[in-house]
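Hi everyone, thanks for coming. Today I'd like to walk you through the charged side-chain pairs in one structure. Please have a look at it first.

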Amino acid sequence: MSSSSLTNVTVAGGTGSLGVHIVEALLNDGSFTVKVLRRLPKTANEKAELLASKGAEIIYANYNQHDDLVKALKGTDVLISAASPGLATGGYDFDALQTPLLNAAKAAGVRRFIPSEFGTHTDFGDHPLTDSKITFRQKVQESGLEYTFIQSGTFVEYLDWTGFDVKNKTAKFYADVDSKLAVTSMSDAAKYTVESLKLEECRNASIRVAGSMFSLSEIVKKFEEATGSKWKVIVDKEVKHRFENKIEPIPSPQDIFVATLLPKASFDNIDNDKFSFSPRPLADDLAVFVQQKSG
Ligand SMILES: NC(=O)c1ccc[n+]([C@@H]2O[C@H](COP(=O)([O-])OP(=O)(O)OC[C@H]3O[C@@H](n4cnc5c(N)ncnc54)[C@H](OP(=O)(O)O)[C@@H]3O)[C@@H](O)[C@H]2O)c1
């Protein structure tokens with residue numbers, strides 16, 4: 001069946017950091033009817049208001065009430081989940097968050113489900129976040145719905161999490177400086193997600209895309225060019241040992257998250273050439289990132 005008839009798209013978590021880009025890319029494309037699924041209770045949200053002003057319909061459901069979710073998803077061809085349990089506050093359970101969405105999507109006759117993946121590491125479980133995404137991935141594959149898994153590496157906008165500190169011109173890594181990092185802007189990740197709906201080879205497939213794949217030391221050089229200054233580089237590979245043995249300074253859960261994921265943060269093969277556009281060069285994205293982080 002052609003993917004071109006996937007016209008009614010609902011984005012759960014469409015008000016989030018990534019979700020907004022996905023909803024905007026769908027609206028910019030012009031060939032989709034777009035709904036943003038939000039959780040009840042209704043709360044004021046500037047991003048929802050912006051997306052509504054651009055043509056998205058904002059709908060609400062109680063994620064804990066199956067019938068409510070099914071009703072909200074009736075008429076949807078594709079459910080894209082960009083929902084997140086809140087990484088910044090240690091929320092990692094993507095399985096618990098998305099299982100009600102998958103069950104309701106199936107009951108509502110949704111054809112395709114794109115789960116909230118958008119990282120690099122869904123093939124490796126050794127952290128609660130990746131474990132929960134892998135568990136959920138299996139549920140999607142067993143559901144009988146069409147699916148696309150989008151892996152897009154680290155978002156440019158989250159490079160500070162990875163250890164690049166623009167204000168202090170310092171990079172602190174929990175991995176070798178030769179480790180490669182797949183990096184993609186959220187707007188390009190959104191464009192790949194939207195175009196996947198039109199490509200037959202993305203049906204029931206795991207798609208890996210990357211704006212760039214440079215080593216950590218090459219990215220430092222690019223930051224040096226963008227900031228016009230020499231950067232200090234610190235490599236700390238004892239972070240997990242300190243965490244496990246409670247040795248000061250005790251790393252934060254975020255440090256452990258980065259230390260676990262960073263050494264596996266690139267792809268052997270990518271699918272960029274299946275798509276019609278080229279991602280923005282990393283240097284262009286870093287120029288914007290540096291400006292934002294310097295302010
Ligand atoms: N590769 C990377 O570097 C990187 C970085 C960050 C995120 N990600 C991935 O991108 C995806 C989206 O993350 P994000 O940071 O954009 O998400 P986010 O902004 O934290 O949240 C997205 C939306 O999820 C909904 N939400 C929040 N808490 C929820 C809960 N407990 N239950 C149900 N819905 C909830 C909210 O929408 P409503 O309030 O409107 O319902 C929120 O706007 C995730 O898969 C995440 O792992 C990747």
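**Salt bridges in the model**

Let me start with one residue: Glu-146 is buried, with a relative accessible area of 13%. Please keep in mind as we go that this is a predicted model.

So, which side chain does Glu-146 meet in a salt bridge? The partner is Arg-112, and the N to O distance is 2.8 Å. Glu-146 belongs to strand S6, residues 146–151, while Arg-112 sits in strand S5, residues 112–114, so this pair ties together parts that are 34 residues apart in sequence. And is Arg-112 buried or exposed? It is buried, with a relative accessible area of 0%.

A general word here: side chains of opposite charge can pair when their charged atoms come close.

Now to another pair. Arg-242 and Asp-236 join their side chains in a salt bridge, at 3.2 Å from N to O. Arg-242 counts as buried at 14% relative accessibility, and Asp-236 is buried too, with a relative accessible area of 12%.

My last example is Lys-230 with Glu-224, whose side chains form a salt bridge at 3.7 Å, N to O. Here the two partners fall into separate classes: Lys-230 counts as exposed, at 70% relative accessibility, whereas Glu-224 is buried, with a relative accessible area of 16%.

How many salt bridges are there in the count? The count comes to 12, and among them are the pairs Glu-146 with Arg-112, Arg-242 with Asp-236, and Lys-230 with Glu-224.

Thanks for listening, everyone!

Key:
Residues numbered from 1 in each chain as written. Predicted model: local features only at pLDDT ≥ 70, side-chain atom pairs only at ≥ 80, totals over all residues. Heavy atoms only, no water. Salt bridge = Lys/Arg side-chain N within 4 Å of Asp/Glu carboxyl O. Helix = DSSP H or I, 4+ residues; strand = E, 2+ residues; numbered from the N terminus. Buried < 20%, exposed > 50% of the residue type's maximum accessible area, 1.4 Å probe, protein only.
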